[in-house]
Amino acid sequence: MKKNPLLDFARKMELSVKLPSKGRWYTDEIMDTMLNGEVGIFPMTPRDELLQYNPDALLSGDTTIQIIESCVPSIKNAKDLLYNDANLLLLAIRKATYGDELEQSVICPRCYEEASKLTEDEKAEADRTGRLKFTPQDNVFSISDILSCTQYLDDEYKMKLDNGLTVYFKPYTVKNKLNFELTRINQQKILDFYKNFNQEDLKNEEIRKDRINKITDIYLEMNKYGNEVIASCILKIELPEPDGSFVDDYDMILEYISNTNSNYIQTLKEKIEEINSIGLPSELEYECSCCGHKWKSPFIEFNPTDFFDGSSSF
C-alpha cells in the first residue's frame with residue numbers, strides 16, 4: 001500500500017525526553033529508544049482528546065495506554081512500560097499538546113489554619129479584603145522545569161534480608177499499576193456495600209455471618225493481588241551461601257511471598273515503593289497569593305480524568 005505523503009505533515013515531534021529508566025529495562029518488543037534513552041513526543045490528536053469521554057476506557061487504563069502509544073511512536077506496548085516512565089511521558093505529552101504551563105490548585109495551609117480560629121463574620125471579612133483565602137488557588141509551574149528535575153533509575157536494585165536471601169527488584173509496569181488500582185476500586189465498592197448494611201440485619205445470625213465471611217473474602221482477595229504485585233516487582237532471589245543459586249521463577253517467588261511473614265512483606269513493599277517513586281519530583285513548592293506563605297506538597301501522579309482536559313489542572 002502506498003504511503004500517504006500528507007501524514008509527514010500531520011504532526012511533528014515537539015520535544016524529546018530522557019526516561020527515568022533511560023530505556024535500559026526494555027526489549028525491542030516494548031519500545032525503540034533514541035540516543036541516551038530519549039524518546040520523541042508528539043501532541044495529541046482530536047481523537048486522542050475524545051478518549052477522555054469514554055469512562056470505561058478511563059477506568060480500565062486503556063485511555064492512558066492509547067494516548068502514550070499515539071503520542072510516543074517509539075512505544076510499541078505501553079502496558080509494559082515502567083510506571084516511572086509512563087508518568088513522565090504523560091507530563092511531556094501534556095506539554096507537547098497544551099504548552100509549558102501546568103496549573104495545580106491547592107488550599108494554603110496557613111490560611112486554612114487561620115480560618116479555623118475565626119468566626120464566620122471574621123472569615124467573610126478576611127476573604128473580602130483578600131487577607132486570607134480559604135478556597136483552592138492556582139499555582140502555575142513550568143513543565144520544562146519539572147522535567148529538568150527528573151531522577152533516573154539505577155542499573156540494579158537489590159536488598160539482603162536478615163534471613164540470608166538477597167532480593168533483586170524492578171519497578172512495576174503500567175499494567176501492574178492499572179490492574180491493581182482497578183481491582184482495589186472494585187473491591188472497595190463491594191466492601192463499602194457490605195459494611196453499610198442495616199443494623200437490624202445484625203440480629204439475624206445467618207445474615208451477619210454471611211456478610212462477615214464475604215468481607216473477609218474481599219480482604220483476602222486484595223491481599224492475594226497485593227502479593228502478586230510484589231512478586232511481579234522481583235526479578236530474582238539469590239539463595240544464601242554456600243548455595244548461592246538464583247530463583248527467578250515467578251510462581252516460586254509468589255509462593256514465597258504468600259507464605260513469608262508480614263515483616264518481610266512490609267520491608268519488600270517499602271523498597272518497591274521507593275523504587276517506583278523515582279522519576280518526576282515528589283514535591284512542588286507552592287506560594288499563597290494572599291498571605292505569601294510558601295510550602296511544599298506532594299506532586300501526585302497524574303489522574304487520567306484530569307490529564308486529558310486541556311483546560312483543567314492535574
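Me: Which helix holds Ser232?
Reply: Happy to start there! This is a predicted model, in which local features need pLDDT of at least 70, side-chain atom pairs count only at pLDDT 80 or more, and totals for chains, interfaces and linings use all residues. Residues are numbered from 1 along each chain as its sequence is written, and side-chain values use heavy atoms, with hydrogens and water left out. Helices (DSSP runs of H or I, at least four residues) and strands (E, at least two) are numbered from the N terminus, and Ser232 is found in residues 205-232, helix α9.

Me: Is Ser232 buried or exposed?
Reply: Buried means under 20% relative accessible area, exposed over 50%, and partly exposed in between, with a 1.4 Å probe and protein chains only. Ser232 has 15% relative accessibility, so this residue counts as buried.

Me: Which residues is Ser232 in contact with, leaving aside its neighbours within four places in sequence?
Reply: Contact means heavy atoms within 4.5 Å. Closer along the chain, the side chain of Ser232 reaches the backbone oxygen of Val229 at 2.6 Å. Once neighbours within four places are left aside, the contacts of Ser232 are Lys170, Asn176 and Tyr250.

Me: What is the order of the strands in the open sheet of 4 strands?
Reply: Two strands pair if DSSP finds at least two bridges between them. The pairing in this sheet is antiparallel; strands β7 (residues 234-238) and β8, for instance, are joined over 2 bridges, with Ile237 opposite Val247 in β8. The edge strands, each pairing on one side only, are β5 (157-160) and β8 (246-247). The order is β5-β6-β7-β8.

Me: At about what angle does helix α11 run to β6?
Reply: Axes are lines fitted to C-alpha atoms, for helices over the stretch in contact, and angles run from 0 to 180 degrees between N-to-C directions. Helix α11 (residues 262-276) lies across β5 and β6 (166-169), and its angle to β6 is about 30°.

Me: Which residues form the covered face of strand β10?
Reply: Strand β10 (residues 294-298) is joined to β9 (residues 283-287) by 5 bridges, and the two run antiparallel. In a regular strand the side chains alternate between the two faces of the sheet. The uncovered face of β10 has Lys294, Lys296 and Pro298, while the covered one has Trp295 and Ser297.

Me: How many residues does the largest nonpolar core have?
Reply: A nonpolar core is a set of buried Ala, Val, Leu, Ile, Met, Phe, Trp, Tyr and Cys residues joined through side-chain atoms within 4.5 Å. Ile41 and Leu89 are among those with the most contacts inside the largest core, whose residues number 69.

Terms used
Polar contact = N/O pair within 3.5 Å; in protein donor to acceptor, adjacent residues only side chain to side chain.
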